[in-house]
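Let's take a friendly walk through this fold, beginning with a few strands and ending with a pair of helices. Keep the structure in view as you read.

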Amino acid sequence: MRKKIIAGNWKMNYTLTEADNFVNEIKDRINTDELDVVLCPNNICLERVSDLIDGTNIKLGAQNVHYEEKGAYTGETSANMLLSVNAKYCIIGHSERRQYFAETDEMVNKKAKKLLEKNITPIICVGETLEQRESGILFEHISSQIKNALDGISSDSVKNNIVIAYEPIWAIGTGKTASSMQAEEMCKYIRDEIRKLYDDKVAECVKIQYGGSVKPSNASEILNMEDIDGALVGGASLTNDFVAIVNYE
Ligand code: PGA
């Protein structure tokens with residue numbers, strides 16, 4: 001049985017004070033060990049959120065990392081810096097980073113390797129645009145994103161220390177959720193691709209989340225699908241809706 005994982009991607013929201021207020025408001029209501037709950041604040045708030053969730057079952061995640069160890073990369077954050085605030089997860093390859101910051105499959109692969117070297121779990125995002133879905137290259141596109149992201153990564157790492165987030169770009173922040181059947185179809189496809197690249201054991205262990213307009217009203221339907229092991233939540237992770245999502249039945 002794969003333990004579900006629900007992560008909140010705050011994106012570029014919340015100042016320190018706002019983060020304080022929000023985390024204090026929700027932390028005792030999402031303190032469960034039945035599933036893994038991860039908060040991914042912006043870099044400024046990482047340390048504060050880390051302190052606030054200390055002693056709870058909530059884990060800390062970052063939204064990005066650089067793949068080099070350290071050095072002259074103005075504005076970037078290293079994996080060691082994430083370790084220093086006790087981050088356990090890091091989102092990489094989010095479609096917003098691919099679209100606005102030119103993050104490529106090759107960079108995603110390098111970031112995944114660097115995070116694994118530091119024992120931080122990468123949450124690797126993949127997803128298609130509406131045009132890609134409608135023009136029929138949907139599966140080919142997702143398959144190539146998965147292959148490129150996992151290139152050279154060991155089966156042990158994929159089995160124990162990687163999360164894949166399937167996030168159709170047309171469903172992110174738009175209020176349009178993929179139907180639970182569409183989400184399940186793609187998460188199952190991703191699992192089968194991983195089976196081809198590795199083996200049955202790896203495919204059965206790897207965690208695959210769905211992301212894109214997850215909210216309290218659709219959480220249970222999505223989270224109860226067989227191949228969907230959790231959710232990556234954007235907008236709804238900034239409000240009390242996140243508590244309702246984590247407490248889905
Ligand atoms: P959304 O974002 O829940 O606001 O659609 C999801 C994401 O981008 O991870």
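Two strands are said to pair if DSSP finds at least two bridges between them. With that in mind, turn to this predicted model and find strand β3, residues 58-62, and its neighbour β4: two bridges join them, and the strands run parallel. One place to look is G61, whose bridge partner in β4 is Y89. To get from β3 to β4, the chain travels through helix α3, residues 79-84, in a β-α-β crossover that is right-handed.

Now stay with β4, which spans residues 89-92. What lies across from β4 in strand β5, residues 121-126? Four bridges join β4 to β5, and this pair also runs parallel. Here I92 is found opposite I124 of β5.

Which way do the side chains of β4 point? In a regular strand, side chains alternate between the two faces of the sheet. In β4, Y89 and I91 point one way, while C90 and I92 point the other way. Are these residues buried or exposed? All four positions, Y89, C90, I91 and I92, are buried.

Finally, move to two helices, α7 (residues 138-150) and α9 (residues 180-197). Their axes lie 10 Å apart and they pack at an angle of about 45°, so α7 and α9 count as oblique to each other. The crossing of α7 past α9 is right-handed. On the α7 side, the contact is made by residues including L138, F139, I142 and I146, and on the α9 side by residues including M186, Y189, I190 and L197.

Terms used
Residues numbered from 1 in each chain as written. Predicted model: local features only at pLDDT ≥ 70, side-chain atom pairs only at ≥ 80, totals over all residues. Heavy atoms only, no water. Buried < 20%, exposed > 50% of the residue type's maximum accessible area, 1.4 Å probe, protein only. Right-handed = clockwise from strand over helix to strand, strands pointing away. Axes fitted to C-alpha atoms, helices over the stretch in contact; angles between N-to-C directions. Parallel < 35°, antiparallel > 145°, perpendicular 65-115°, else oblique. Left-handed = near helix turned anticlockwise from the far one by under 90°. Contact = heavy atoms within 4.5 Å.
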